[in-house]
Amino acid sequence: MNSNSIKIIEPQTKEQFEAYYLVRFEVLRKPWGQPPGSEKDQQEDECIHLMAVNSSNEILGVCRLQFNSTEEAQLRFMGVRENTQGQGIGKMLISHAEKLALKNNAKILILQAREIAVPFYKRCGYTIEEKSFLMWGTIQHYLMKKEF
């Protein structure tokens, strides 16, 4: 896949949001037997939603940027479709989210990384702050941070 044909957009329409949440569910919840709806939380309306789309407008990956304070932003619900992993899509999403965080005066970007994703985030310049929580009794998470 040519990364030049991939762009990062913010969903705008009801249909785009439905497709965005469906990808979040399929990548981040369904494989662990979680119910539809578990891919959302109470802060959806306050956040910036990002999705990587190809030239056919197929969603390849998603993430959400939320602001915890004037100086701290958080990357959440980051997921790339399994068949498109390893093609730079996650890096594109993070880079875009970082630019938005900086534009909004954030000094720190944090995230909760699943253990399997820690090496990826380290390559993107994030450092482990602490071992944090065990999701669904099986997926170890680590609080990671990047300062600007």
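Which residue in β7 stands opposite leucine 109? A few notes on this predicted model, starting there.

1. Leucine 109 has lysine 146 across from it in β7. The wider pairing of β5 with β7 is antiparallel and runs over seven bridges.

2. On β6 (residues 127-135), the pairing with β7 is antiparallel too, this time over six bridges. One pair to look at here: methionine 144 in β7 is the bridge partner of isoleucine 128.

3. Have a look at the turn as well. β6 and β7 make a hairpin, with three residues separating the strands. Tryptophan 136 sits in that turn and has a positive phi of about 55°.

4. As for burial, seven of the nine residues of β7 are buried, so the strand is largely enclosed by the rest of the structure.

5. Leucine 143 belongs to β7 (residues 139-147). Leaving aside residues up to four places away in sequence, leucine 143 touches Ile110, Leu111 and Gln112, along with Thr127, Ile128, Glu129, Glu130 and Ser132.

6. Now the helix. α1 covers residues 14-28, 15 residues in total, and spans 21 Å from first C-alpha to last, close to the 21 Å expected at 1.5 Å a residue. Its buried residues are Tyr20, Tyr21, Val23, Arg24, Phe25, Val27 and Leu28; note that Arg24 is among them. These buried residues pack against β2 (48-53), β3 (59-67), β4 (72-80) and β5 (108-114).

7. To place the helix relative to β7: tyrosine 20 and leucine 143 are 25 Å apart in space, C-alpha to C-alpha, and 123 residues apart in sequence.

Terms used. Residues are numbered from 1 along each chain as its sequence is written. This is a predicted model: local features need pLDDT of at least 70, side-chain atom pairs count only at pLDDT 80 or more; totals for chains, interfaces and linings use all residues. Side-chain values use heavy atoms; hydrogens and water are left out. Helices (H or I, at least four residues) and strands (E, at least two) are DSSP runs, numbered from the N terminus. The expected span of a helix is 1.5 Å times one less than its number of residues. Buried means under 20% relative accessible area, exposed over 50%, partly exposed in between (1.4 Å probe, protein chains only). Contact means heavy atoms within 4.5 Å. Two strands pair if DSSP finds at least two bridges between them.
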